[in-house]
Amino acid sequence: PECQSAGSQPLCPMDERLDSPLPFELPGTVLNDASCSVEVDGSDWILNDAVFDCESIPTCSIECEPPRKQLLNDASERCGCTFEWYIHSQWMGTALAFVIYLCMNIARVLFFAGLTRILWKQIHPERFTVVATCNSDGALVTSTHVSGNSHQDLMLAIQTKSNKSQDEATSHNEL
């Protein structure tokens with residue numbers, strides 16, 4: 001069969017076992033050969049019980065060509081590179097998907113935080129709730145009185161503030 005070539009490389013598979021490589025025959029040509037069209041019935045496949053004389057069977061002399069090391073090296077290198085590319089592409093695809101997921105979530109949080117800061121007048125419920133710590137007289141306990149280390153510091157600050165307020169009220173009443 002004829003084989004087109006691109007430069008010095010043929011575009012069809014070549015039978016390199018021959019001294020001068022030729023293109024392999026097309027499957028249709030091989031299957032149209034008369035030897036492939038033998039009619040076979042079921043009796044051809046039946047093997048009857050028998051005793052065989054193994055000594056009368058001729059021995060086969062098969063000679064194999066040694067492996068072509070350059071072809072094996074090239075094919076192994078191509079397979080190794082393809083496998084390495086596949087592993088890297090899977091790893092990079094997964095890493096990129098994670099980075100995109102992370103960036104989208106960060107952008108979402110920042111977008112809505114900015115949006116609520118800009119549009120807070122339009123989205124507030126017209127009522128505010130303030131949570132703070134006050135002493136018994138209603139005076140605000142600020143961070144200057146509490147170190148933030150424990151609940152006991154907070155309680156001490158509330159009691160101190162309350163005692164000062166009561167002492168001041170007592171001294172104002174005495175005047």
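Student: Among contacts in the protein between residues at least 6 apart in sequence, what percentage join residues at least 24 apart?

Tutor: Happy to start there, with the reminder that this is a predicted model. A contact here needs heavy atoms within 4.5 Å. Of the contacts between residues at least 6 apart in sequence, the portion joining residues at least 24 apart is 21%.

Student: In what order do the helices and strands run from the N terminus?

Tutor: The protein has four strands and four helices to place. The strands are listed ahead of the helices, and from the N terminus on the order is β-β-β-β-α-α-α-α.

Student: What share of the residues is buried?

Tutor: To be buried, a residue must have under 20% relative accessible area. The protein exposes about 16,500 Å², with 60% of that supplied by carbon and sulfur atoms. Out of 175 residues, the buried share is 5%.

Student: Which helix gives the largest share of the nonpolar patch?

Tutor: Good one to trace on the structure! The patch covers about 860 Å² and is made by Phe111, Phe112, Leu115, Ile118, Leu119, Trp120, Ile123 and Phe128. Two helices each supply at least two of its residues, α2 (69–118) and α3 (120–123). The largest share, four residues, comes from α2.

Student: Is isoleucine 118 buried or exposed?

Tutor: Isoleucine 118 lies in helix α2 and is a member of the nonpolar patch. Its relative accessible area is 66%, and the cut-off for the top class is over 50%. Isoleucine 118 is therefore exposed.

Student: How are the rings of phenylalanine 111 and phenylalanine 112 arranged?

Tutor: A pair of aromatic rings is described by the distance of the centres and the angle of the planes. The count of aromatic pairs comes to one. In that pair, phenylalanine 111 and phenylalanine 112 have ring centres 5.2 Å apart and planes at 75 degrees. Planes over 60 degrees apart put a pair in this class, so the arrangement is edge-to-face.

Student: Why does cysteine 79 form no bond with the closest cysteine sulfur?

Tutor: A disulfide is a covalent bond between the sulfur atoms of two cysteines. The two sulfurs would have to lie within 2.5 Å, and the count of disulfides is zero. For cysteine 79, the closest cysteine sulfur belongs to cysteine 81 and is too far for a bond, at 9.5 Å.

Student: Which exposure class does cysteine 103 fall in?

Tutor: Exposed residues need over 50% relative accessible area. Cysteine 79 is exposed at 53%. Cysteine 103 has 49%, so its class is partly exposed.

How values were computed
Residues numbered from 1 in each chain as written. Predicted model: local features only at pLDDT ≥ 70, side-chain atom pairs only at ≥ 80, totals over all residues. Heavy atoms only, no water. Patch = residues over 30% accessible without salt bridge, like charges linked within 9 Å, V, L, I, M, F, W, Y side chains within 5 Å. Areas by Shrake-Rupley, 256 points an atom, 1.4 Å probe, with all protein chains shown as cover. Salt bridge = Lys/Arg side-chain N within 4 Å of Asp/Glu carboxyl O. Buried < 20%, exposed > 50% of the residue type's maximum accessible area, 1.4 Å probe, protein only. Phe/Tyr/Trp six-rings, centres within 6.5 Å; stacked < 30°, edge-to-face > 60°.
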